[in-house]
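Thanks for making time this morning; I would like to take you through one model, and I will keep to what can be read from its coordinates. Please have the sequence and the structure open while I talk.

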Amino acid sequence: MGVLRVIGLVFLGLFLLALALVIGAGVIFLLTHMHQTQATNQTQAPQPQTPPTQGLIKVTNQAAGIAYIGPNTTALAGYYCVNTAIPSTYSIQLNTKLSNGYWLQDVYSTINEIINGAPTPGFNAEVWTPPSWDCTTENNSGIIVISCHSHLVGNYYLTYYGATCAWLIIKIANGIAYFGYSLDGQSINWYYQYPVGNATIIGSDTTLVVGGYGNWEGVNFTNANIVLALYYWNGTAWLPAPSTGVGGGTGEWVSNAWVYWSNGRAVVSWPEPVNQTPQVPSPGFTP
């Protein structure tokens, strides 16, 4: 019995030792795995949210259209076609922000100018300075408020009837901003230019939108269907512009509108949304 007891104790000791090793290995694995998981969670940076390139939004008391979110470029071409617009006191605006702070507008308006007491439609080019000139400082109950204003330094009006479907084009070449339009999609009529220095068009505050005719006016559409499309120049060809639906981007506005957009094309409509991508032409001109 003594010998068997000793042998039994030896086997029991070996069993307990093996069990301890297995449990210890499991604890070490669990702690290591938890540490790795925590480290992974701690080092994962939040992913930036990319604006959707397709969707539907309702715009109220703002300009309605699409905003450019693509790479810096030297030229943009904005297509528009007004199928329905009641009332017809609207504007189509290609607004571009430059990398040096200038802001450019190439506009078609149904009330572009008042000539001999009568409203006339046509195209309008505007150049605004960077908002760093004419800054004022005010002390508002201990809070210092600095206000800087842009100035209109370039402006030109061109009367034109019958441009309900056309292209608006802005390009930067050799420090000069060129403003143009195309009625046939094959050739460009450059009607104004202004020196803006070494700059490119950037995505911030660059839009193709529908708003009131001008002078910070709005339009209360009772029926509207306006097709928009935006293209950017990649150096050798026009490509559909990465863009997203937007309300705002200029002083003019619409009371209410639906904006459906998909991959650089959009429909601004009221009172019903148009949930389908419109057919639009590709530009046949080069900037």
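Strand S5, residues 103–115, strand S6, residues 118–128, and strand S9, residues 152–159, each contribute at least two residues to the lining of the largest pocket, and I should say at once that this is a predicted model. The greatest share of that lining comes from S5, which supplies eight residues. The pocket holds about 490 Å³ of space, and of the 24 residues lining it, those closest to its centre are Gln-105, Glu-126, Gly-214, Asn-215 and Glu-252. By residue class, the lining splits into eleven polar, nine nonpolar and four charged residues.

Let me turn to strand S18, residues 253–262, which is largely enclosed by the rest of the structure because seven of its ten residues are buried. Its antiparallel pairing with strand S1, residues 54–62, runs over eight bridges, and there Gln-62 stands opposite Val-254 of S18. Strand S14, residues 218–219, runs parallel to S18 and is joined to it by two bridges, with Val-219 likewise opposite Val-254. S18 also pairs with S19 in the antiparallel sense, over five bridges, where Trp-261 faces Ala-266; in the hairpin of these two strands, which has two residues between them, Asn-263 adopts a positive phi near 55 degrees.

Finally, in the segment after S19 we find Pro-281, which is partly exposed, at a relative accessible area of 35%. Setting aside neighbours within four places in sequence, Pro-281 is in contact with Tyr-79, Trp-167 and Tyr-231, while Ala-229, 52 residues apart from Pro-281 in sequence, is 8.8 Å apart from it in space, C-alpha to C-alpha.

Methods:
Residues are numbered from 1 along each chain as its sequence is written. This is a predicted model: local features need pLDDT of at least 70, side-chain atom pairs count only at pLDDT 80 or more; totals for chains, interfaces and linings use all residues. Side-chain values use heavy atoms; hydrogens and water are left out. On a 1 Å grid over the protein atoms alone, a cavity is a set of points where a 1.4 Å probe fits but cannot get out, and a pocket is an open set with protein on both sides within 12 Å along at least five of seven lines; lining residues have an atom within 4 Å of a point. Grid points are joined across faces, edges and corners, and a volume is the space filled by probe spheres set on the points. Helices (H or I, at least four residues) and strands (E, at least two) are DSSP runs, numbered from the N terminus. Ala, Val, Leu, Ile, Met, Phe, Trp, Tyr, Cys and Pro count as nonpolar, Asp, Glu, Lys and Arg as charged, and the others, Gly among them, as polar. Buried means under 20% relative accessible area, exposed over 50%, partly exposed in between (1.4 Å probe, protein chains only). Contact means heavy atoms within 4.5 Å. Two strands pair if DSSP finds at least two bridges between them.
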